[in-house]
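Q: I'm new to this structure and would like to learn how to read it. Could you walk me through it, one feature at a time?

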Amino acid sequence: MGDEEDFSSLPLTDRWVHKVWKVRKAAYEEAAQAFEKTPDEYDPAFRPFVQDPSLWKGAVADSNVAAQQEGMAALCAFLKFGGREGAVRSRQHTITSIVEKGLPSTRPAIKTNSLEALLLYIELDVPGPVIEEILPVLSNKVPKVVAAALAALTAIFHNYGCKTADPKPVLKFLPKVFGHADKNVRAEATNLTVEFYRWLRDAMKPMFWGELKPTQQNDLEQLFEKAKAEGAPKQERLLRSQQAAQAAAPAGGGDEDEEMADAPEEEEVGEIDAFDLAEPQDIISKVPKDFFENIASSKWKERKEACEALYAVVNVPRIKEGDFNEITRCLAKCMKDANITVVMQAAQCIELLAKGLRRGFAKYRSTVMQPILERLKEKKQTVADALGLALDAVFLSTDLTENMEDIIEFLKHKNPQVKEGTMKFLVRCLRTTKDVPSKQEIAAMVECAKKLLAESSEALRSGGAEVLGTIMKIIGERAMNPHLEGLDDIRKNKIKEFYEAAEVKAKDKPKPPPPAARAPPPGPAKKGPVKKAPAGAKKPAGFGAAAPPAQTPTPAPTAAAAPPRMGGLGNKMGVPKPGGAAPSGGLGGGIKAPQKRSAFAAPPSPRRAEPEPEPEPMDLDDPPSPEEQRPAPPRMGLGRGGLQPGGLAGRSLAKPVPMDYTPTPPMPPPPSGLSHIERAELEELRDANDRLLKQLEDARHDRSKLLSEIQELKNQNASLIEDHTRDVLSIKAKETQLVRARSDFEAAEQTNDRLRRELDRLKRALSHTEDQLRHANRARPGSPSSPHIGLGVMSPTHDGGIYNDNGYQQQSANRNRMSFASSMSEEKENGGDGMMSGGFHQKVSPDPRYHQGGSGGSSGRGTPAGFRQPVEEARSSESLASMGFGSYGAERSSSRTGMRTGASRLQAPSSGAAGGMESWKRAAEVTSQLKARIEQMKAKQGLNRP
């Protein structure tokens with residue numbers, strides 16, 4: 001007992017977090033009772049929990065179940081009586097704990113209070129933050145926590161509806177929870193989906209329906225059928241803001257209350273569109289790259305495939321805005337296509353674009369509207385249906401006013417099919433529009449519909465009656481009656497039938513009359529004599545009512561003085577003039593002229609009465625004087641400044657003539673009936689008009705300037721495009737030249753390689769011949785006097801000796817010198833002088849003298865050399881031809897053959913030494929020429945470069 005007393009003496013906040021659960025439980029109960037007893041939300045009892053909202057986190061998640069139950073009750077009392085500020089501050093500390101610890105609890109009281117706390121959080125503020133705190137719990141690993149969170153979401157949407165609470169964040173989680181392993185979680189997900197269907201209907205399916213299993217889809221479809229039978233749902237619980245608005249509504253009046261009460265019901269009946277739930281998608285980047293090429297193709301199949309590819313891209317609930325000018329122009333061009341399949345596919349693409357963009361498609365309306373209406377001449381019903389759906393989608397992105405001009409124009413089309421299709425489109429527009437057409441639009445539609453009533457086609461006549469009946473449904477029978485004048489009863493009955501069957505969303509409700517017309521000035525009803533009072537008499541009504549008491553002190557003829565005062569009052573307030581003592585016969589002709597003068601004479605009379613007095617021409621004692629003064633009462637009401645004290649109404653009619661009773665002379669009327677203020681206003685209006693005209697002129701000048709700048713920019717753009725095209729073409733030409741140069745380079749490389757290989761082969765052949773020559777020289781005896789040595793060294797038939805420089809020089813140098821010496825000694829012996837007779841050629845060549853005067857004692861080399869010379873020349877020519885020098889070898893062979901023929905005749909008795917020397921000379925010449933030829937070939941092919 002002592003401990004309990006100590007606990008009770010502690011502050012409430014200390015006991016709130018005490019380690020003993022009984023102390024905490026008692027603190028929760030005490031706080032709940034204190035909250036219930038507070039007078040308003042500003043009571044000090046709420047202050048500790050508003051300043052430190054984290055206290056509630058421990059209360060709702062108390063480890064002791066009994067204490068947790070009282071903590072939940074205390075939180076509900078705090079939210080119920082504490083107001084919005086405490087709820088906003090504490091919800092981030094409590095909602096997660098409520099969902100994880102309170103909703104899955106086994107105690108019914110804790111579950112009930114937890115759900116009530118969530119609903120109170122939403123009621124005090126908005127549902128969005130609460131739903132955002134619940135959604136992360138759907139990823140919890142404990143299945144019962146996930147199921148409890150789904151049940152809480154179902155209760156939230158059931159109580160507040162999908163218009164107050166946004167369902168889009170929750171719809172994204174449905175596929176995940178439908179794939180949960182726990183059956184209880186899937187069951188709660190099914191309940192939540194059915195609740196969504198009650199509010200959203202089929203608009204929610206694009207968000208998640210394709211990710212469900214077929215069995216789940218079938219089960220949900222069966223539950224959806226039951227939900228359809230229940231009717232439209234209604235919001236069962238209102239937010240505090242909605243409650244305040246509903247409480248303030250009765251102050252507006254009974255009729256307005258009924259209208260406000262009817263408006264939510266009409267809104268609740270309407271379904272939420274899938275466009276509002278979906279996220280915008282960027283489809284411009286997904287359009288096929290070859291779309292514009294295929295859509296302009298001459299083959300209808302390619303055009304159809306292009307439209308089908310675009311249809312697959314734009315078939316989304318909501319489209320992100322972008323530049324669709326080129327696409328819409330291509331689709332509008334397809335409306336003129338000769339193939340109806342392309343027309344239908346293009347119309348479907350336009351429909352999806354308009355539905356996906358909604359108001360964003362309004363700027364493309366003018367591009368596609370007229371081509372679609374023109375294509376309504378197609379008689380095939382499937383094409384007409386596709387075009388009608390496209391027109392309806394385009395209309396939803398605009399309004400009736402924007403489409404009215406095109407509709408009126410095509411209702412006058414010469415083609416009956418176009419007329420009928422446009423008429424049906426107009427009827428659908430009138431049924432779906434939510435804005436009442438203006439009077440000018442109604443007049444234009446009624447005129448066109450009347451013309452349709454006189455058409456020869458029954459469909460057009462019925463369509464005209466349907467248009468008139470739908471317009472009557474919108475504006476009402478009373479407003480429509482003036483438009484139906486002149487029609488016969490049969491047509492009126494037809495229009496009446498369509499009027500009764502029409503269903504529209506826009507209804508012209510009669511506006512209440514303005515307050516001025518609803519509150520006329522009090523007074524008896526007007527009678528006939530008052531009709532002659534001018535309208536200007538109503539303006540100074542207040543002055544006319546206050547003027548008569550000023551003349552009451554005149555005691556004499558009251559009967560004569562009363563009619564002027566009552567007459568002026570009657571003219572202003574609508575009261576008939578009393579007869580009095582004045583004869584009624586004199587009023588009819590004497591009123592008009594004085595009224596016309598008094599309208600302008602009354603204001604200046606106070607200023608001019610004294611300076612211009614006149615003698616009294618009128619005798620007031622005479623009886624006619626009252627008749628002459630009877631027109632004075634209207635003057636009192638016709639003055640622009642009201643009742644003037646110096647006017648005719650301010651003078652006394654008694655027989656004693658007062659000093660101020662002096663009739664003013666008639667003043668000439670001013671040149672116009674406008675006052676100074678009105679003239680000033682007129683001048684101001686004229687100045688304003690001049691300013692507006694000047695601004696208009698400036699705007700036109702700016703517009704022309706901007707248009708010229710735009711044209712200049714277009715020209716610059718065209719020149720830039722031309723330059724760019726020229727640069728691209730030059731680049732392509734350079735690339736072509738580069739490709740050709742590369743191909744030529746590769747061909748040259750191949751030729752070079754081929755020549756290198758050929759040169760290597762020739763070198764190998766030369767080396768092989770040289771080896772054979774060496775081998776042959778080693779095999780023969782080396783005697784200088786042997787004829788075999790001279791033949792082996794000097795004969796041109798040995799290829800290796802001809803082409804080998806080093807071998808020839810090294811092996812045959814000594815032999816050549818010996819041959820030269822022997823030939824010269826022989827010449828000297830025969831009596832010839834070699835040095836003086838013929839030069840080098842004559843020294844090495846045999847002279848005819850040797851053959852004529854020589855003896856048979858010369859060397860024996862002449863016969864073998866002469867015998868073998870033709871054979872050796874032929875072999876040399878064949879070897880040269882085999883190495884690629886066939887022509888050169890042939891020429892040399894022929895020349896040599898001729899020389900040898902001529903020489904053989906002269907050298908028949910010559911010695912063998914002279915023939916050997918000549919053979920050596922020819923071999924040396926052939927060798928040098930072959931070397932020069934090879935060097936020339938190397939120089940041409942570039943092989944001799946380093």
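Q: Let's start with a crossing. Is the crossing of helix 3 and helix 6 left-handed or right-handed?

A: The crossing of helix 3 and helix 6 is left-handed. Keep in mind that we're looking at a predicted model.

Q: How do I describe a pair like that?

A: Here's the general idea: two packed helices are described by the angle between their axes and the distance between the axes. In this case, helix 3 (residues 21-36) and helix 6 (residues 65-82) pack at an angle of about 20°, and their axes are 8 Å apart. Angles under 35 degrees count as roughly parallel, so helix 3 is roughly parallel to helix 6.

Q: Which residues of helix 3 and helix 6 meet?

A: From helix 3 you have Trp21, Lys25, Tyr28, Glu29, Ala32, Phe35 and Glu36, and they meet Ala66, Ala67, Glu70, Gly71, Ala74, Ala77, Phe78 and Phe81 in helix 6. Sorted by class, the residues of this contact are 10 nonpolar, 1 polar and 4 charged.

Q: I keep seeing gaps of three or four in those numbers. Is there a general idea behind that?

A: There is: an α-helix has 3.6 residues a turn, so residues three or four places apart point the same way. Look again at Lys25, Tyr28, Ala32 and Phe35, which are among the helix 3 residues in the contact.

Q: What is the angle between helix 8 and helix 10?

A: Helix 8 (residues 108-124) and helix 10 (residues 143-164) pack at about 45°, with 10 Å between their axes. That angle makes helix 8 oblique to helix 10. The crossing here is right-handed. In helix 8, the residues involved are Leu115, Leu118, Leu119, Ile122 and Glu123; their partners in helix 10 are Ala152, Ala155, Ile156, Asn159 and Tyr160. By class, that contact comes to 8 nonpolar, 1 polar and 1 charged residues.

Q: Which residues make the contact of helix 21 with helix 22?

A: Start with the geometry: helix 21 (residues 325-334) and helix 22 pack at an angle of about 145°, with their axes 8 Å apart. Ile327, Leu331 and Cys334 of helix 21 make the contact with Val342, Val343, Ala346, Cys349, Ile350 and Leu353 of helix 22. The class count is easy to remember: 9 nonpolar, no polar and no charged residues. The crossing of helix 21 and helix 22 is left-handed.

Q: Now a single residue. Is His18 buried or exposed?

A: For this you compare the relative accessible area with a cut-off: under 20% means buried. His18 has 16%, so it is buried. You'll find His18 in the loop between helix 2 (12-16) and helix 3. Leaving out residues up to four places away in sequence, His18 touches Phe7, Leu10, Val23 and Arg24.

Q: Where is Arg91 found?

A: Arg91 is in helix 7 (residues 84-102), and at 14% relative accessible area it is buried. Setting aside neighbours within four places in sequence, Arg91 is in contact with Tyr121, Asp125 and Pro129. Sequence and space are two separate things to check: Arg91 and Trp56 are 35 residues apart in sequence, and 9.1 Å apart in space from C-alpha to C-alpha.

Q: What is the phi of Arg201?

A: Arg201 has a positive phi of about 60°, although it is not a glycine. Arg201 is in the loop between helix 13 (183-200) and helix 14 (205-208), and it is buried, with a relative accessible area of 13%. Arg358 also has a positive phi, near 55°. Arg358 is placed in the loop between helix 22 (340-357) and helix 23 (365-374), and with 25% relative accessible area it is partly exposed.

Q: How far apart are the end C-alpha atoms of helix 27?

A: They are 21 Å apart, and this agrees with the span expected for 15 residues at 1.5 Å a residue. Buried residues of helix 27 include Glu441, Ile442, Met445 and Val446. The buried residues of helix 27 pack against helices 25, 26, 28, 29 and 30.

Q: Finally, how many helices and strands does the chain have?

A: The chain has 48 helices and 0 strands. Of its 946 residues, 38% count as buried.

Conventions: Residues are numbered from 1 along each chain as its sequence is written. This is a predicted model: local features need pLDDT of at least 70, side-chain atom pairs count only at pLDDT 80 or more; totals for chains, interfaces and linings use all residues. Side-chain values use heavy atoms; hydrogens and water are left out. Axes are lines fitted to C-alpha atoms, for helices over the stretch in contact, and angles run from 0 to 180 degrees between N-to-C directions. Helices (H or I, at least four residues) and strands (E, at least two) are DSSP runs, numbered from the N terminus. Angles under 35 degrees count as roughly parallel, over 145 as roughly antiparallel, 65 to 115 as roughly perpendicular and the rest as oblique. A crossing is left-handed if the near helix is turned anticlockwise from the far one by less than a right angle, and right-handed if clockwise. Contact means heavy atoms within 4.5 Å. Ala, Val, Leu, Ile, Met, Phe, Trp, Tyr, Cys and Pro count as nonpolar, Asp, Glu, Lys and Arg as charged, and the others, Gly among them, as polar. Buried means under 20% relative accessible area, exposed over 50%, partly exposed in between (1.4 Å probe, protein chains only). The expected span of a helix is 1.5 Å times one less than its number of residues.
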